[in-house]
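Colleague: I have a structure to study and should like to discuss it with you. Could you show it to me before we begin?

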Amino acid sequence: MYMKRNFKSFVIISIFLFAAGILASAQTYTWTGSENAVFTNPNNWKDSSNNTPTWGSTLPAATYKILNTPLRIPYLPTNVTLAAGTTKIEVGTNSTSASLKLGAYSFLGMVTIRVNEKGTL
């Protein structure tokens, strides 16, 4: 009986840790603006492994960091559809300035935009 209870506890804890790992592993993309200024163009972003991401017409739920905009200020060419989940856009930092042009467009889905001390929207 004792072994059965320990095994059950082990399975429950393992499932919890696995789920926590999945939730904590949300992708982060950093703006490069290397191709153009279009926010939705994956060639303008690098993931946490410094690779160019791939996505279709729906942006993945992730954290998008616009740390600085020396080449191009990103803008939204059309409405943006976001995948289910939490999406964050961070513009600038407390020590570097960056910008994001929203225009008259909207995000279809849930998004948090954080404009840091030196960021502009």
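Colleague: Where is Asn50 found?

Modeller: Asn50 is found in the loop between strand 2 and strand 3 (58-59). Strands (E, at least two residues) and helices (H or I, at least four) are DSSP runs, numbered from the N terminus. Please note that this is a predicted model, in which local features need pLDDT of at least 70 and side-chain atom pairs count only at pLDDT 80 or more, while totals for chains, interfaces and linings use all residues. Residues are numbered from 1 along each chain as its sequence is written, and side-chain values use heavy atoms, with hydrogens and water left out.

Colleague: Why does Asn50 count as exposed?

Modeller: Asn50 counts as exposed because its relative accessibility is 54%. Exposed means over 50% relative accessible area, buried means under 20%, and partly exposed lies in between (1.4 Å probe, protein chains only).

Colleague: What is the phi of Asn50?

Modeller: Asn50 has a positive phi of about 65°, although it is not a glycine. Most residues other than glycine have a negative phi.

Colleague: Let us turn to the whole chain. How many helices and strands does the protein chain have?

Modeller: The protein chain has one helix and ten strands. Along the sequence, the pattern begins with α and continues with β. Of its 121 residues, 28% count as buried.

Colleague: With which strands does strand 1 pair?

Modeller: Strand 1 (residues 28-31) pairs with strand 4 (residues 63-66) in the parallel sense over three bridges. Strand 1 also pairs with strand 2, in the antiparallel sense and over three bridges. Two strands pair if DSSP finds at least two bridges between them.

Colleague: Which residues are partners there?

Modeller: Thr28 has Thr63 in strand 4 as its bridge partner, and Trp31 stands opposite Trp45 in strand 2.

Colleague: Which side chains of strand 1 are buried?

Modeller: The side chains alternate along strand 1. Tyr29 and Trp31 point to one face and are buried, whereas Thr28 and Thr30 point to the other and are not.

Colleague: And what does strand 4 do with strand 6?

Modeller: Strand 4 and strand 6 (residues 88-91) pair in the parallel sense over four bridges. Ile66 has Val91 in strand 6 as its bridge partner.

Colleague: Now to Asp47: is it buried or exposed?

Modeller: Asp47, which has its place in strand 2 (residues 45-47), is buried yet has no salt bridge (a side-chain nitrogen of Lys or Arg within 4 Å of a carboxyl oxygen of Asp or Glu). The nearest side chain of opposite charge is that of Lys46, 7.8 Å away. Lys and Arg count as positive and Asp and Glu as negative; His and the chain ends are not counted.

Colleague: What does the side chain of Asp47 reach?

Modeller: The side chain of Asp47 reaches the backbone nitrogen of Ser49 at 2.9 Å. Leaving aside residues up to four places away in sequence, Asp47 touches Gln27, Thr28, Tyr29 and Pro53, where contact means heavy atoms within 4.5 Å.

Colleague: Lastly, where is Pro77 found?

Modeller: Pro77 is found in the loop between strand 4 and strand 5 (80-82). Pro77 counts as partly exposed because its relative accessibility is 28%.

Key. Polar contact = N/O pair within 3.5 Å; in protein donor to acceptor, adjacent residues only side chain to side chain.
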